[in-house]
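Here is a short note for someone opening this structure for the first time. Please read the points with the model in view.

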Amino acid sequence: MIRLRDSRYPSTAGFLADAVQVARYYGFTPLEEVPRVQDTKRPIPTIDEVEDMISFARREEKSLSSVARKAPLLVREPHGILGYRIVQNSGAISSVSFELHVLGHASAMAEALLIVVANAIAERAGLHKRTLSINNIGSNESSGRYSREVGTYLRKHLESISPALRPRIAQDPIGSLIQLIERGHPSITRAPQATEYLSEEERRRFWEFLEYLEMASLPYELNGHVLGSRDVWSHTLYELSTQDEETGARIPFAFGGRYDPLASRFAKRPDSAAMIAVSVEVRGASKPKLPAHTQPSIFFAHIGIESRRKSLSVLETLRGAEIPVHQSLTYERLGDQMAQARKLAVPFILILGHKEAVEDSIIVREVATNFQESIPLPELPGYLKKRRIAARTA
């Protein structure tokens with residue numbers, strides 16, 4: 001959880017206002033504003049029905065059920081839904097979580113995008129000493145093998161484990177391991193690692209995700225202690241933490257991952273969903289005052305996987321220069337991106353192709369005349385400002 005004394009904000013409202021602005025920049029909208037499908041007769045399990053079948057390993061996992069249940073009822077574009085919500089947390093210390101969700105998008109771009117946005121929110125808050133910890137538990141089959149090995153390992157150390165926790169080991173080995181990690185139990189140092197049980201296909205997907213982070217210049221560490229319930233999560237899990245100035249201890253403030261298993265239970269078919277939640281303490285005003293939303297004059301398009309990987313760093317550069325753009329990171333095809341640009345009626349389009357990604361440049365096209373120039377990426381913010389390509393207030 002972010003302590004406001006470690007940030008630049010005097011109140012929770014200030015933090016949330018900036019968090020919303022960063023999320024909006026990347027195309028996230030309030031989940032409650034996403035339209036619902038017309039067919040309301042579609043049978044969706046209740047939250048109680050699904051939760052009765054799940055062993056939650058982390059307390060914060062339960063709040064995901066409300067989003068996962070609504071997800072099948074939301075109208076989805078082919079590229080998925082980017083949404084956010086603010087959740088009040090229960091506990092000894094009053095806090096709220098700013099949650100970011102990508103629904104209906106299966107590629108590793110979803111998780112990478114969530115981490116980039118959460119990291120930008122933390123940077124804006126003044127948390128300069130941050131650590132990104134990554135783990136991967138793979139698919140249901142891989143996490144099942146891992147869970148069985150964890151159970152075997154913990155039974156070998158049963159005498160050193162609290163009698164109150166021992167009964168849980170047989171039913172929920174990973175949840176038991178998480179409790180031992182939180183308590184700093186000495187047995188955790190040699191516990192099995194989830195990444196050792198990944199298939200070759202899952203390893204390729206994991207490397208793709210890590211390549212996104214490296215292209216976005218986000219340092220990370222592989223940490224086998226970043227875990228969650230296998231009934232809720234699959235593939236990537238991640239945690240952001242900051243450092244206590246006095247003790248040097250890590251203070252986790254954001255956690256997330258891909259929660260396909262939970263989303264699929266509510267959808268009653270394979271489904272895709274990823275999220276990250278940034279938690280902050282409640283102090284002073286907590287309702288954010290949001291400025292007028294701006295309508296960008298630029299649409300950012302990419303062509304090919306190489307340019308898609310580089311897109312995150314380009315967008316962060318533009319955000320840092322306060323140049324708003326419509327983005328298309330979750331789109332697969334250029335034709336869909338151009339159709340969206342026409343729908344938005346933007347006067348300018350930025351096009352990052354494979355050649356441009358390799359040469360560290362980008363094409364700036366004026367829609368009205370089809371005139372275009374290739375601009376070196378380091379010069380792009382200055383070029384756009386010089387051309388007075390400004391945002392339109394909505």
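1. Start with the pair α5 and α7, where α5 passes α7 in a left-handed crossing. The contact draws on S143, Y146, S147, V150, G151 and L154 from α5, and on P173, I174, S176, L177 and L180 from α7. Sorted by class, the residues of this contact are 7 nonpolar, 4 polar and no charged. Bear in mind throughout that this is a predicted model.

2. The geometry of this pair can be stated briefly. Helix α5 covers residues 140-156 and helix α7 covers residues 173-183; their axes are 8 Å apart and the packing angle is about 60°. Angles under 35 degrees count as roughly parallel and 65 to 115 as roughly perpendicular. The two helices α5 and α7 are therefore oblique to each other.

3. A second helix pair is α4 (residues 109-125) with α8 (residues 200-215), which pack at an angle of about 30° with axes 9 Å apart. Here α4 passes α8 in a right-handed crossing.

4. Which residues of α4 and α8 meet? On the α4 side they are M109, E111, A112 and I115, and on the α8 side R205, F209, Y212 and L213. By class, the contact of α4 with α8 has 6 nonpolar residues, no polar ones and 2 charged ones.

5. Next, look at the open sheet of 4 strands, which has the order β10-β11-β12-β13 and mixed pairing. The edges are taken by β10 (298-302) and β13 (372-376); each has a single partner strand, so one side of each is left without a neighbour in the sheet. On average, neighbouring strands of this sheet are turned by 25° against each other, direction ignored.

6. Within the sheet, β10 and strand β11 (residues 348-352) run parallel and are joined by 5 bridges. In this pairing, A301 stands opposite I351 in β11.

7. Two helices should be viewed together with these strands. Helix α10 (residues 305-320) packs on the sheet and touches β10, β11 and β12 (361-366). The direction of α10 makes about 155° with that of β10. Helix α11 (residues 334-344) lies across β10 and β11, and runs at about 175° to β10. Angles over 145 degrees count as roughly antiparallel, so α10, at about 155°, is roughly antiparallel to β10. By that cut-off, α11, at about 175°, is also roughly antiparallel to β10.

How values were computed:
Residues numbered from 1 in each chain as written. Predicted model: local features only at pLDDT ≥ 70, side-chain atom pairs only at ≥ 80, totals over all residues. Heavy atoms only, no water. Axes fitted to C-alpha atoms, helices over the stretch in contact; angles between N-to-C directions. Left-handed = near helix turned anticlockwise from the far one by under 90°. Contact = heavy atoms within 4.5 Å. Nonpolar A, V, L, I, M, F, W, Y, C, P; charged D, E, K, R; others polar. Pairing = 2+ DSSP bridges.
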